[in-house]
Structure formats: C-alpha cells, structure tokens
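Visitor: Please put the structure up first, and then I will ask about its contacts.

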Number of protein chains: 2
Amino acid sequence: MSVNQREIGRRRLLAEIRAQKSIPRIDLAERTGISRATVTTITAELLREGLIEEEQRDSPDKDTRRGRPTVNLRIRGAARLIAGAKISNRAISLVLLDFEGAHLADHEVALDKSVFAPAELAAILGAQLDALARKVGCGRADVSGFGIGIAGIVDAPRGFVHWSPSLDARNVEFADVIGRQLSVPTYVDNDANLVAVAEKTFGLGQGHSDFIVVTIESGVGMGIYIGDEIYRGTRGCGAEFGHTKVHLDGALCRCGQRGCLEAYVADYALLREAMIASGDHAGMVVDKVLSAAEAGDPVAKSIVDRAGRMFAMGLANLVNIFDPELIILAGEQMLSSHLYAEEVIEAMRGSIVQIDKAPPEVVIHKWDNLMWARGGAAYALDKVQERALADMVDYAG
Amino acid sequence: MSVNQREIGRRRLLAEIRAQKSIPRIDLAERTGISRATVTTITAELLREGLIEEEQRDSPDKDTRRGRPTVNLRIRGAARLIAGAKISNRAISLVLLDFEGAHLADHEVALDKSVFAPAELAAILGAQLDALARKVGCGRADVSGFGIGIAGIVDAPRGFVHWSPSLDARNVEFADVIGRQLSVPTYVDNDANLVAVAEKTFGLGQGHSDFIVVTIESGVGMGIYIGDEIYRGTRGCGAEFGHTKVHLDGALCRCGQRGCLEAYVADYALLREAMIASGDHAGMVVDKVLSAAEAGDPVAKSIVDRAGRMFAMGLANLVNIFDPELIILAGEQMLSSHLYAEEVIEAMRGSIVQIDKAPPEVVIHKWDNLMWARGGAAYALDKVQERALADMVDYAG
DNA sequence: CCGATTAAATTTGAAAATCAAATTAAATCG
DNA sequence: CGATTTAATTTGATTTTCAAATTTAATCGG
C-alpha cells in the first residue's frame, strides 16, 4: 500500500540518474547501495516506461579500458514536455523544457496592465502556453505540467494564493482555476521559492541540501532548502524575508507595517529618501541615486550605505537562525549591486555568531529573466516525475 | 544493508507505541498501515527483545464489548535507564528516567564556581551521576545513555562545544571527553535545543511536527522542530535567536556585538538601563525594575515596554521566516512575565504577514528547573532507542 | 452452563522484492 | 583468436509482507 519497496527504489534510482545526468548501472548500484541485480530490474522498468534511455557511446576512443563497456543511462528528454511561467508586473515570460530539463523554447509577452481577475489571467496564460507549445510544433495537450511563479503569499501545496499584487482578488484557488481552464496539470508557487527551485535544479544550489536564496527586485524575496526539500512553513507562507523587521517602529513599508527590511532596501525606499533629501519630487530614478553615491555625493552615499547595512543585518539574522552552508544572492537586474557589495557581506559576517568555523559561503548569481520561469518549470518537472512514478505502481512486466 | 525493510517497520511501530503510550496491536495496524500479520511478527520481536511489554488489563469492567479483548502494548520502562543533566551557572541538576520516560529520581548539586576545565566538569558529572543512580539502587554502569544540556554554541551531532560560558576552553569534544571518562554513552546539546526536545517528548510540543520553543533565562534561547526533527543548521549551531539583530548599531551585547535581541530583553539589559536612569549603581535588581513599572513608574515602564516591543519584533521575525504552527514560550523563572504579556503577543501578531488565516498559536509553558535535565534525558532516550533498534538487526528468531 | 456470536491475534500460504553468486555479454590484450 | 577483464543479466535462495483462514478469548442469550 501507498509507497512500496519497489517504488522507493525507482525513486532513488531516477533521482540519482537525474543528479548525475549520465551514469552506468554499476555506478548506480555503487552510489545507491542497491544491488546490481535490482538496478538491472528497476532500470529495465524505467526504460520500458520511457522515462530513461541508454546513451549511445559515440566516443569509442574514450573508453579505453578492457572488459564489457558501461552503458550510460540518462533521463529521456522526450518523455515529457514541461512548461514554466513567471507573472511579472506587466509581462509574462514562459519557458518550455523537456523531461531532462533542457531548454526547448521560450516566449515573452507584455501586458497592458498589472492587476487581473484570476480567470482573465488564466486565459492569458492559456493563450501564451499555446503560443509557446506551437514553437516546437506541439499543442497544449502535449504539456504534462505547468509551473507558475507569482509574487505574493502563496500556499504552494494547495496552489492557493492568499494575496498577490497581480490578482484583484484574495484567497484564490489559482492552480485549480488555471488547471481546469487549461486542462493542464498546473502548480503555483511564490516566485522567490521558484528561484530557489531553479537554483537547486539548474544553478548554484545543485548538490547542496541546505541553502537560502535571496532575491531582490522591487521587493525582497527568499526561498529556503532544508534537507533537500524546499521549506514553506506550516501555512505554506514562510520565508517572508522582505517583511522581517529591522527597526522598531521604523520606515513605512508598502505592506502597511513599519520597519520591514524591504522598506529600507527596495528601490522605492531609496527613492523616497532621495526625494526627501533633494526636494525633487519627480524624475528621480534609482540609478541616479546609485551613481550619485558612487560619485561621492554624501547624501546619496548615506542613503545607499544605510540600505546596505540594513540588508547585512537582515542577512545576519537569517544566518543566526538557520546556519545555512550557502547563501545565494540572486537577481536579474543589478540595481541591487550595492547590496551585494563585499562591504555588505563583510558586515553580515561581523554580525553573526562567532565560532571557530568558516561562516556560510555567500555567492552572487546574476541571471536572465527566464530563470524565474525555469524555476516554475523545475517545480512542475518534479511534480510530473512524481506522478509518472506513482502511475507506474500498477505496472507489472 | 543499512536500513532494511524490517527495521523501518520496527521503528515505525515503536514510535507509534511510544506516542500512544498504550495501544493494542489492531490499532497499531490501523494507524501505521502495516498489516495485522506483520504487526504481530514485529511486536513479537520487540517483546522478545524486552523493549515493549503487554499491559495487564487490571480493569476488566472497562472492556465491556464482546469478542477477544485487546491486549495493549507499551514501552517497557525497565528496559533501559536514562540520565539527563543540565549544567547551569553554579549548579548541576540531573534526572533519571526509565525507558518509557517516567521519572525515577533527580538530584541537584551546587557548584562553587561557574567555569570549569572540561575534564574537571566531566569528573563532577560522573560523581553526580553515581549519586543519582544510587538513589534507585543502581550503578553508573546500568545507565544506557546520558544527555547533557549546556549553554553556548554546540554542534550536537558531534557533541562538540564550540564555546560555552561553563567551560574554560573553546572547541572541546565534550561528549567524547565525558563518555570516555564515565564509560557511559554521552550526548551533549545546547540547553535551549534540549528544552525543545523536552517539550516535544513530554510537554506542549507532543503531536506537533513543526514548532518553535523560545526560552528566557538570563539569555534568550531557541529550539526549532521542523518535520518532527530538531533543526540545528549545517554547522550544528543555528537557532541563535538571542543574537539576532533588532537594531542597527544598537545596544552592546555581552557577545561583543551590537543590537542583539538579548541586549534588549535579558535581565542585565534591563538592569543597565535602570542604573543609567536612576544613577543608582548598586543594589539594583530586576524584580525592582519590574515592580516599579507595574506600580506606574514612568521610567521603569518605558524600559520594560521597550523590552517587550523588541521581543515582539524578534518573535515576529521568527514567524515571518518559519511560519510555525506553534510557538512555545518556556521558562522556569517568571522574571520574564513582562515579555510573555498579552500586549507583547498582540504586538507580534501585528508585525507578521497578514493573511486570512489564523496566526500561529502562542502558548506559555512555565516549569520547574528539572525540565532542562529532562530534555537532556529525552535526547539521550532517543539515541538509546535508536541504538537498541540498530542492534536488533542481527537478531534472528 | 453451553453453544452462538463477536472481535483480536496468530498462523498459513502465496506473492513481491531483494541480493549473492553464477552466468552471459562485450570489450581489450597479447 | 583465446585469455582476460569488467558490466550487465539471470538464477535461485532468502527475506518480508500481506490477505485469508484459523485460533483465541471474551460476551450474549437461553
């Protein structure tokens, strides 16, 4: 019943094949501790199911050893088609991956407004998904899973959106709405969580079981991996790093509360201060503040410096609470380069509990705007694989 | 190899028996999904091993139904003897439990100083453990596991103490030192973590898979359960709640850094402020500040109020990051009652992300000073049970 | 007091799954 | 081209689980 022994083996082997990209059976047995006999049996099942494939050894010179040569196994890309999307302020970007995670196509569309009714947004997503699938000569029906990232508070296991700046309603069963309307299995998560999934699947989080991803756009987001699983809290809405408080009764945040980290480091926070200082209430943009600070303007410098120190303090709090092995600062726009500066990281290191052990590694990962959508796809990929494995249960050679 | 199927079943059943205290086989099958046949087989093994026992039905009137009556199974208390200890400032308290977790004896001793060499402290612990065991007519050799809580930064899986206010050396393999010196399997963890273990095993955390325990003595400590496991971070030293920063370049903390939560809410923080305000540099005690505040003294009130608001802010940050279902505020001395006041909890609720879902439950748990030691014992109990199960592998009827 | 009834626990026998060992397959070496 | 080497598969025994049948231990009703 539920999860039988064989299914555990299949899961373990498929995960290992995915992690290693390409690996012979004997190494699978070695790495997983499953006997060679069982590896043969299980991989035969996975082959028949079409989830994996044997790799052609196109480089016979490479294998110069004696004995029967190894046959590498890998995920069969053609097995499934996976789509991912990110809903941004006035745009949607989509990406289409195969079952191996390889990029097949992408697609972007600008929107004429930023807030939508759920069904309206679902219709747009459907049309764009069709357009995306058409690029590889497929239809929507060929897509096995669709993962969508959206800003706001999301209970991912239920696909339930408590609140999002992109929706005109609260408490929407958004995954259900889209899934029913498009007839494609749909999964919705907070966009920052999906960046963490993307980092784990394709990026710098590969091979790490515990790490934190912090993203900075206009808001501050966070995703946490603990024990190879993304941590979402008990209401599905933890990891609200941007709204942790860094000052008692501090600056007003757009969430309505005071002293949120976001109210000190987001672009609108910098702008607000710059406006106050200059008296100039129009035409002020963040770039100008940053370049003024760099040029040595003392007011601009103090504004930017404080943002950096607040950010360092927030990061230090994360480290003191989680003690992660790795922190990934991720972002597409380098508007936040001042927050990722070495001084900021150094200030963070100075604010964590001091022990005779290296502080967590901090890396900066700058990527294109498709990374968000790829995170959505990676999330859907995981779900699709899970479903494929579950559906195999009734299979008997 | 390693964890075989049967061992999984044994673990699952033993855990369920422990959780339910007393439960018949048929309910075990029902709850675990393991077939009745297998439950019979496995419980027979556990019975033969002496880890569980059949309960005498001493109340035959209770069971008024027809049919063969159920036979309840329970953990066999006599199976093992478990000790726990808490090293406090100038005292050590110990507790002796049976394998079921029942209290057998306790013992306390005052110390003439607060900082010790590791071997010296180990010797004291050995002597007190002997005294404790003697109370139930046993010797140290009968104790299967010894769990010790100590303040400071501890890498629990290794039993390694990075730093502790009770030790005169840094980076001590403390569990090894004690274990070798006493010839008793010894486990060491941060004292706040062990309070969390105690709450999970004996207290309000029973039945909760994700919760946070915050303790306030002179310092502020925290323990986190995520997915039924205590979370310790990758270096074994996460959960340093007391040293999360609540103010940029704020008050000086005894850790040497600035703006730590502890520097605002600990007793010494209140004292410092009260001294500054009154000019009175001697004879000031925390109780006096608190009672003055309660009596309406405006200075005292502002001091205590700010501590409360800082604490609320720290708690809110925890909730925003973890989204736990439950927060347990635990402590033995009610010096911290001002921090546990309803206004403080309400302030916390006002500083967390607002969604249409209940905020986490907050409960206050006040207990005696033996709770710390019981946490140590609970930790050791878990390890001893794990060892007992592992040792059964080679067992064949 | 005794057979019918009921429900827990155990036993039985078949099915599932793993693994060590033996065998087969596919290569290189000399 | 046979010996050697190593991967992969097959074989046969063992472990483990579970559904169904059986046994056990109680109550019920007459």
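**Contacts with DNA, between chains and within chain A**

Visitor: Which base atom of DNA strand D does a polar side-chain atom of A:Arg66 approach?
Guide: This is a predicted model, in which local features need pLDDT of at least 70, side-chain atom pairs count only at pLDDT 80 or more, totals for chains, interfaces and linings use all residues, and side-chain values use heavy atoms, with hydrogens and water left out. Residues are numbered from 1 along each chain as its sequence is written, while chains are lettered from A and ligands numbered from 1 in the order in which they are written. The distance from the polar side-chain atom of A:Arg66 is 3.0 Å, and the partner on DNA strand D is a base oxygen.

Visitor: Which atom of DNA strand D lies 3.2 Å from a backbone N or O atom of B:Ser35?
Guide: A polar backbone atom of A:Ile26 is 2.8 Å from a phosphate oxygen of DNA strand D. For B:Ser35, with a backbone N or O atom at 3.2 Å, the partner is likewise a phosphate oxygen.

Visitor: Which element gives the most to the surface near DNA strand D?
Guide: A residue is near a strand if one of its heavy atoms lies within 4 Å of it. Of the 24 residues around DNA strand D, those that come nearest are A:Ile26, A:Gly67, A:Arg68, B:Arg6 and B:Arg68. By class, this surface has seven nonpolar, eight polar and nine charged residues, where Ala, Val, Leu, Ile, Met, Phe, Trp, Tyr, Cys and Pro count as nonpolar, Asp, Glu, Lys and Arg as charged, and the others, Gly among them, as polar. With three residues, the element that gives the most is H3(A).

Visitor: What share of the atoms of DNA strand C within 4 Å of the protein belongs to sugar or phosphate?
Guide: DNA strand C is surrounded by 24 residues, and the closest are A:Arg6, B:Ile26, B:Gly67, B:Arg68 and B:Val71. A phosphate oxygen lies 2.9 Å from a backbone N or O atom of B:Ile26, and another such backbone atom, in B:Val71, lies 2.8 Å from a phosphate oxygen. For B:Gly67 the backbone atom lies 3.0 Å from a base oxygen. Bases make up the rest of the strand C atoms within 4 Å of the protein, and the sugar or phosphate share is 71%.

Visitor: Which element supplies the largest share of the surface near DNA strand C?
Guide: Helices (H or I, at least four residues) and strands (E, at least two) are DSSP runs, numbered from the N terminus. Helix H1 (5–20) and helix H3 (36–49) of chain A, with helix H2 (25–32) and helix H3 (36–49) of chain B, each supply at least two residues. The largest share, three residues, comes from H3(B).

Visitor: How much area do chain B and chain A bury between them?
Guide: In contact, meaning heavy atoms within 4.5 Å, are 52 residues of chain B and 52 residues of chain A. Buried area is the accessible area (1.4 Å probe) that two parts lose on being put together, summed over both. Carbon and sulfur atoms carry 55% of it, and the area is about 4500 Å².

Visitor: Which residue of chain A meets B:Arg309 in a salt bridge?
Guide: A salt bridge is a side-chain nitrogen of Lys or Arg within 4 Å of a carboxyl oxygen of Asp or Glu. Between chain B and chain A the count is two salt bridges. At 2.9 Å, N to O, the side chain of B:Arg309 meets that of A:Asp249.

Visitor: How far apart in sequence are the parts that A:Arg232 and A:Asp189 tie together?
Guide: The closest N and O atoms of the salt bridge between A:Arg232 and A:Asp189 are 2.4 Å apart. A:Arg232 lies in the loop between strand S13 (229–230) and helix H7 (262–265) of chain A, and A:Asp189 lies in strand S10 (residues 186–190) of chain A, so the parts tied together are separated in sequence by 43 residues.

Key
A polar contact is a pair of N or O atoms within 3.5 Å; within protein, one must be able to donate a hydrogen and the other to accept it, and residues adjacent in sequence count only if both atoms are side-chain atoms.
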